[in-house]
Amino acid sequence: MASFKDWALQYVLADEDTTKRGIVAKAAKEIEDSRASSAVVGNWAASVQQWLSTAHASDGDQMDDGDDGDDALNGDIIARAKALSFLADTLEALDRSALRTDQVLRLVGFFGAMFSYDHKAGITASAKALRQLYSMKNFKPDMGAKMIEAVCKIKEDFRLQTAPTRLELYELFLSLIQDPAVSSELQHKYGTSNGFIVDLLQLCQQERDPRNLMVWFKILATLLADYAPSQELTEEIFKTFSAYFPISLRTSATPTGITAEDLKAAVRSCFAAHQRVASLAFPFLMQKLDQGDAVTVAVKVDILRTIKACVENYDHPQTSVVPYIEKIWNSLKYEVRNGEAKETIDATLDVLRAIAIKLDGTKTQKLDVALLKDYIDLVFHDCRDDLSNPTYTKQAGLLLMTVITANIRAYVLENGGFVDCIRQNLRQPKSPSHTRDLLLLINSDLKSRSELVKNRREGHPGDEALLQTEPRAHLDTLFHDVYLPIWVARVEDPDSETVDILKKVTQGLALLISQQVVGSDGQVSLLCSGAICAEVCSLLTQSIVKGLTLSSNDNLANDTALEDEAVLALRTVVTSYTDGYADLANRAKAEIRKREWIYPSQYSLDALKDLLCRLAFIGCSEIPSSVAIDSSTPKSFSPLQHFITLAATLFDLFPLSSPAGPARFTSPLKEPLANSYVISALHSSILHFRDACEAKYPREALASTSGNDSSWFDGFRDLPDDWLQQLQGNGLSDGALDSLSEDDPEVYRQFLRISLFIVRHLYRAASSGAQIPWSERVLAQVGNIAALVVRDLDEKLQLSSNLAFEAFNFFNNSTETSLQQSPAKPLTELLTLGILEGLWPGAMAGLYAPQGIAETFMCDTSNLGPFPSRVSEIRAAIGAVLANKYKGGPSTSDPELQTLRKVLDFWGNQIKLGTTSIDIDTNTFGAYNTIAMYVIAGATARQDKAVLELVPLLHEAIASQHLNGEAVAHSMGILVKGNDLLTTENHAVVKRFYKQWAYGHMAKPLYDRALPTADNDHWAAMRYTTAILSIVSNCPFKVYEDDLEPLIRLLITTLGSRTGLSRQTSRRQVAAALEVLVEILLNEPEALKGHLKAIIGGAINVHQECSLEHADRFKYQVKNATRTSDLYLVTCRKLVLQLLGALPTKFEDRHLLPYSLQMKRMLATASGDPVREVRKVALLARGHWEKVV
């Protein structure tokens, strides 16, 4: 038989926890293997007897031992504690069903006895052992009572135990009193006296540890809620926890994880545990609250939250809450009436609202209505007169609103009187601010009513019936008695105060029109009649179309502020009163058509832009609701009707009147803007409606857009081009649109179908052959619309709709795709870009057949039009997309992976030819080079290995003596430059580390060739430097951090010498060098420490050159100065100052002192720079260098 004594000794001598766990595991297994025989369990318990006997001997002899006896006693205490822990840990490892009932009982007695005589060594282990015994299967309720009795015998020595030991006992107490069986046993044994509670209160009343207090407060709350203490005992319990109120927490060197808010909530739960403490809690809390200035805001908020918790949690409010309402109200009303702290005001209103909710009853049972009515009358009586006093109007209204709108029954009871009282005061307001505050109260009342109606089915079933019989006369007359008179009296000549009032009127009108009433059948309809709704729409519409009818001198800033408010109001109105949006759109269309748009003023263009943007926001930023008007026959409804109305209106307007004359391709700077604003409004409407769908419907519902795989265009073929206009004119009664409710996620799918029809219509019109009004700006906007719509379609739908080919056919129902565009309209390729941008790579796979569309297009160098640089940029963008989304290989149209390789070879040859032949035009090569670099960039983003074959050719082209080599070098940065087309949002393939990959192959091998040495050709070295800087300036620091030493040498060389480069390239190179130096200084300043002299000298020279050139331009009024060159001069000066100004923040003064005087002189001059942004940076840098002493 195993020796438990040996295991106990090994445990006592062990220091490692793992060793101890192994020992107790063996002991537990031995007990389990013996099926907990009495002999084995007895031997196990007796294994610690030698240490317990020492304890008894020590207790008898400790007075005679002297100092040596104290040492021996301390050693015995530690050993005895470990011995008892051996037993406790064994119980923890033991199977819960191993011990019999009689064994559990004896062990309870054994460990319980420790609390009577072994207060120094046995308590921690005994507490743990008792908790383990409680969890045993054969634990009986009467044992719980014995545990509590035994533990309470520790008496005053309880507070001498360590906090973790006390925590063990608190958790034991909590487990026992929350156990229903133990609770029943305790109440049976002690009866109404609950004597054990008295023992607990005496035992724990001096607790101060935060973690222990959290459990102690739970115990007290449980005793109040689940037991039935007498009134005297209830008072004792109340005194125990109320002594801690208000509770706070000192900062401790050993944080426990308990916060002050945790403790406050725990104490609060005691106050709110049961209504039996109501007679004690409310007077106590009110007395604390009425201490005046002695109470801080934090304490006051704590008190108010505690009162609220009591109100919410007490049952039988007739006896627990009602007797104290008047006292609570008389104290709390001044916290709002005269209060200044928002936290206190909010907490006070929460209490008043909680009372109103409590007096209404529960979801299953209502209380006597007289209780609620008496409470509201009490509040109304004290606040009525304050509504006529401008000083207290807002506060009084806030108090009344809080209780009246707390629930439906309160609202129905007293809202009529509240509104009538405000109406009376509005007839004779004391001041404009008084009028504003009264209107604010009515608006808040209407807003609260909307919330009550919306949530009417979440409460008692009788709430909806109350709304069905709600008196509405006071609401029906609000428009003609309140809002309209104020509007008419003030709208003509508004000053600042009047505008504030008109804003409140505007907000109120929107809230009034959106009010719904519940019919006897439970259906909702609008409160206001159709005539009132139409009149309100007309008033608000006048505000937003006024800009087109007035001159720039007549439209004031006040008008703009009111217009913005009217826009928000109209959005709210037309969401409920759906007929209003068609009237608004027709009114706006009529006003726009009254003007001539051939040569409009800037004011007219701005007014048109504002109006169209507002129309899009009003109608499409929220999905309308189907709500009946009056009792008239319901009209056809579609959640997309505003979107369709706006689209039809914009199609009717487009094109606005354009100048007559022959078609011509105009410069982007001279093209008319009016038509572009129309298309821009259409783009905005799609954006707004998409955002509204994303906000309303679950994301997973929006992701399922494909449905079946049939092409949506099949349903479009039989529709006329003016289908949307016909649909609007027929009141949306068209079989092509499914009938949907506003809550159906299918609305989003229908929106995409209509948006795709819009794209199709615009593309067909733009490619019809007419030049006007399809300017570059308009075509670009149409392309953006297409990208926005197409990217939201899944790959299957894009494939079934053949969108990749339609990008070149423009939906013209051609049987073959043609790439031949009209010479007069080369920029229609913007339309191609729009669709391709939003396609998934899989949907484009068919384009990549050998000699197919993609290869033909990417290798096309013809028809660049009168503006080759611009057209080449568009083709370059398309080339980047095609190269990036290339999908070849087995089961594709390019199984041999030849298409992209041929394209890259083609452009490699073009670059080689352009840098070796003297016959090629520089401008033409610039266009070709742009296309080539973007095509290569598209392939680089997905790390296509075919790109690597071009690297030697590109390096050779860069080193060419030909001027075009410089262009190639400068454009190398395109390969790693961020591109909005190549993003995951557009389904592009962008590898995570493609910039590192490109840098390693394109730039890193050039460092040795770029360094200015006798062996290196000076021209080639400068070109290589240009290429490196072009790439590095478009990469994050992590990409090139391993090559800082050679890179810094190149940067310094660039600042000091730029011979051999054109002026434009030289400028770009200097700006790039400064950007990279700033980045290095930010991330790795130590790398620059050995080069400070060269960096500072070079940067100062650059600043001087830029400043002198800027001064010369201003002095001699240079006419041919371009915006680009001006921007370069400003950018370089700013970068120099950022670089030099940051040096004192990165290096110690001893490294900078030799340059201090020179820098301070330069910065003093720079502080007078004519450009504000440069001056700002100079002053900041000057402040940093002033500290270098």
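Start by selecting lysine 594 and glutamate 591, whose side chains meet in a salt bridge with an N to O distance of 3.3 Å. This is a predicted model. Colour the two residues by accessibility and they part ways: lysine 594 counts as exposed because its relative accessibility is 63%, whereas glutamate 591 is buried at a relative accessible area of 10%.

**Further salt bridges**

Side chains of opposite charge can pair when their charged atoms come close. The count for this model comes to 55 salt bridges. Select lysine 189 and glutamate 149 next; their side chains form a salt bridge at 2.3 Å, N to O. Lysine 189 belongs to helix H10 (residues 180-190) and glutamate 149 to helix H8 (residues 141-152), so this pair ties together parts that are 40 residues apart in sequence. Lysine 189 is partly exposed, at 41% relative accessibility. Glutamate 149 is also in the partly exposed class, at 31%.

Now go to helix H19 (residues 342-360), which holds both lysine 342 and aspartate 346. These residues are four apart, about one turn of the helix, and their side chains meet in a salt bridge of 2.7 Å, N to O. What are the accessibilities of lysine 342 and aspartate 346? Lysine 342 is exposed at 57% relative accessibility, and aspartate 346 is partly exposed with a relative accessible area of 31%.

For a group of linked charges, select Asp360, Lys366, Arg409 and Asp463: salt bridges connect these residues in a network.

**A patch of negative charge**

Move to the surface and select Glu492, Asp493, Asp495, Glu497 and Asp500, which form a negative patch there. Take aspartate 493 as the point to centre on. Aspartate 493 sits in the loop between helix H26 (478-490) and helix H27 (496-513). With 68% relative accessibility, where the cut-off for exposed is over 50%, aspartate 493 counts as exposed.

**Aromatic pairs**

Switch the display to Phe, Tyr and Trp rings. The count comes to 31 aromatic pairs. In the pair of phenylalanine 158 and tyrosine 170, the ring centres are 5.6 Å apart and the planes stand at 90°, so the arrangement is edge-to-face. Phenylalanine 158 is in the loop between H8 and helix H9 (163-178), while tyrosine 170 is in helix H9, so the pair ties together parts that are twelve residues apart in sequence. Phenylalanine 158 and tyrosine 170 are both buried.

Phenylalanine 241 and phenylalanine 271 make another edge-to-face pair, with 5.0 Å centre to centre and 75° between the planes. Which helices does this pair link? Phenylalanine 241 lies in helix H13 (residues 231-242) and phenylalanine 271 in helix H14 (residues 260-271), and the two are 30 residues apart. Both phenylalanine 241 and phenylalanine 271 are buried. Widen the selection to Phe238, Phe241, Phe245, Phe271 and Phe284, and one aromatic cluster is on screen.

**Cis peptide bonds**

Phe245 of that cluster leads to the next stop. The peptide bond from phenylalanine 245 to proline 246 is cis, with omega near -10°. Proline 246 is in the loop between H13 and H14.

A cis peptide bond also joins phenylalanine 654 and proline 655, where omega is about 0°. Look for proline 655 in the loop between helix H32 (641-653) and helix H33 (674-696).

**Backbone with positive phi**

Select arginine 35 and alanine 36. Arginine 35 lies in the loop between helix H2 (17-33) and helix H3 (38-46), and alanine 36 is likewise in the loop between H2 and H3. The phi of arginine 35 is near 55°, a positive value in a residue other than glycine. Alanine 36 also has a positive phi, about 55°, although it is not a glycine. Buried or exposed: which applies to arginine 35, and which to alanine 36? Arginine 35 is exposed, with a relative accessible area of 76%. Alanine 36 counts as buried because its relative accessibility is 0%.

**Last stop: glutamine 49**

Finish at glutamine 49, which is in helix H4 (residues 49-61). Its relative accessible area of 40% makes glutamine 49 partly exposed. Add lysine 5 to the selection: glutamine 49 and lysine 5 are 44 residues apart in sequence and 9.1 Å apart in space, C-alpha to C-alpha.

Note on methods: Residues are numbered from 1 along each chain as its sequence is written. This is a predicted model: local features need pLDDT of at least 70, side-chain atom pairs count only at pLDDT 80 or more; totals for chains, interfaces and linings use all residues. Side-chain values use heavy atoms; hydrogens and water are left out. Patches are made of residues with over 30% relative accessible area and no salt bridge: like charges are joined within 9 Å, nonpolar side chains (Val, Leu, Ile, Met, Phe, Trp, Tyr) within 5 Å. Accessible areas come from the Shrake-Rupley method with a 1.4 Å probe; for residues, only the protein chains shown count as cover. A salt bridge is a side-chain nitrogen of Lys or Arg within 4 Å of a carboxyl oxygen of Asp or Glu. Lys and Arg count as positive and Asp and Glu as negative; His and the chain ends are not counted. The place of a charge is taken as NZ of Lys, CZ of Arg, CG of Asp or CD of Glu. Buried means under 20% relative accessible area, exposed over 50%, partly exposed in between (1.4 Å probe, protein chains only). Rings of Phe, Tyr and Trp (its six-membered ring) pair if their centres lie within 6.5 Å; planes under 30 degrees apart count as stacked, over 60 as edge-to-face and the rest as tilted.
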